[in-house]
Amino acid sequence: MAKWTKKAAPVEQAGHESELSAYQQAMRDRLLAAPVVPAPEPWQPVFASRVPVGGLLGIGFATHPDSGHDLVMVVSGDGHGLFDAVTGEKIARGRDPEDSTPDAVADLSCPGLGPITGSRVHIAGLFGGGLHTTTADGWALEVVTPAWPNERVLLSSDGGLPHAGPHGEEWWHIFHSNYSTFRAAGFSPSGQTIAVATSSDLSLWTRGTDDRHADG
């Protein structure tokens with residue numbers, strides 16, 4: 001009795017990835033040509049320059065129970081820090097707390113500190129997780145890599161890629177991680193803060209109402 005076997009499909013050889021279509025190449029070229037520019041109004045940088053955080057693992061958002069300001073929690077190999085995302089002030093710092101890195105628990109969270117002691121903050125970064133990529137009033141944030149491995153962060157008000165309009169009108173290249181390893185980028189749940197973290201620093205933009213900004 002003959003034994004029938006299903007003929008396996010040939011395995012594609014490595015290194016023969018399909019070439020980009022003309023449309024894809026044009027979009028890639030447009031992204032590569034866009035320089036880093038300041039975020040548009042009403043967004044303002046919180047710090048005069050990036051805040052160095054050695055060994056940064058991830059970041060997460062919380063809300064100050066008194067002022068209502070967005071707070072950004074930074075987790076690094078040296079401990080945890082908490083920044084006011086409107087004023088830029090570092091309002092709390094802790095070293096080696098319980099569950100000191102987000103991978104210590106299933107939901108990638110870390111214990112709060114300072115004014116949010118007793119709560120837990122979900123952290124996005126090296127171990128996974130994510131932040132909001134859109135706001136209720138139409139802003140969007142995208143992380144693209146047209147020249148791997150350096151990520152670029154795009155802020156837009158045109159609905160997102162492919163960004164048919166001119167750069168600097170409805171979409172803006174606001175951050176290029178060409179010097180350090182990208183960790184996370186996103187909006188706060190309130191939609192009032194943008195945070196971008198790499199393995200070496202933190203950048204913040206706000207459209208909050210408090211006009212006091214720290215120099216970092």
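In the description that follows, Ala, Val, Leu, Ile, Met, Phe, Trp, Tyr, Cys and Pro count as nonpolar, Asp, Glu, Lys and Arg as charged, and the others, Gly among them, as polar. With those classes in hand, the largest pocket of this predicted model is a convenient place to start. Its lining divides into 13 nonpolar residues, three polar ones and one charged one. The space in this pocket comes to about 310 Å³. Of the 17 residues that line the pocket, Pro45, Arg50, Ile174, Ser203 and Trp205 lie nearest its centre. Arg counts as charged, so Arg50, which is among the lining residues, is the one charged member of the lining. Two strands, E12 and E15 (201–206), each supply at least two residues of the lining.

Strand E12 leads from the pocket to a sheet of three strands. This sheet is open, has the order E10-E11-E12 and is paired in the antiparallel sense. Strands E10 (140–147) and E12 (171–176) each have a single partner strand and stand at the edges, so one side of each is left without a neighbour in the sheet. From one strand to the next, the twist averages 35 degrees. Helix H1 (residues 22–33) packs on this sheet and touches E10, E11 and E12. The direction of H1 makes about 100 degrees with that of E10.

The pairing of E10 with E11 can be followed residue by residue. Six bridges connect E10 with strand E11 (residues 150–156), in the antiparallel sense. Among the facing residues, Glu142 stands opposite Leu154 in E11, and Val143 stands opposite Val153 in E11. In a regular strand the side chains alternate between the two faces of the sheet. E10 passes into E11 by a hairpin of two residues. Pro149 is found in this loop between E10 and E11, and the peptide bond that leads to Pro149 from Trp148 is cis, with omega near 10 degrees. The loop between E11 and E12 holds another proline, Pro162. Here too the bond is cis, joining Leu161 and Pro162 with omega of about 20 degrees.

A second sheet deserves a look as well. Five strands make up this open sheet, in the order E6-E5-E4-E3-E9 and with antiparallel pairing. Its edges are strand E6 (90–94) and E9, each with a single partner strand, so one side of each is left without a neighbour in the sheet. E9 is joined to strand E3 (residues 56–63) by two bridges, and the two strands run antiparallel. Gly58 has Gly125 in E9 as its bridge partner. Beyond the other edge strand, Leu108 lies in the loop between E6 and strand E7 (109–111). For a residue other than glycine, Leu108 has a notable backbone angle: its phi is positive, near 55 degrees.

Finally, charged side chains were examined. Side chains of opposite charge can pair when their charged atoms come close. How many salt bridges does a search of the whole structure find? The search finds one. The partners are Arg207 and Asp137, whose closest N and O atoms are 2.7 Å apart. That distance is within the 4 Å cut-off for a salt bridge. The pair links distant parts of the chain, with the two residues 70 residues apart. Arg207 sits in the segment after E15, whereas Asp137 sits in the loop between strand E9 (124–125) and E10.

Note on methods: Residues numbered from 1 in each chain as written. Predicted model: local features only at pLDDT ≥ 70, side-chain atom pairs only at ≥ 80, totals over all residues. Heavy atoms only, no water. Pairing = 2+ DSSP bridges. Helix = DSSP H or I, 4+ residues; strand = E, 2+ residues; numbered from the N terminus. Axes fitted to C-alpha atoms, helices over the stretch in contact; angles between N-to-C directions. Contact = heavy atoms within 4.5 Å. 1 Å grid on protein atoms, 1.4 Å probe; cavity = no way out; pocket = protein on both sides within 12 Å on 5 of 7 lines; lining within 4 Å. Points joined across faces, edges and corners; volume = space filled by probe spheres on them. Salt bridge = Lys/Arg side-chain N within 4 Å of Asp/Glu carboxyl O.
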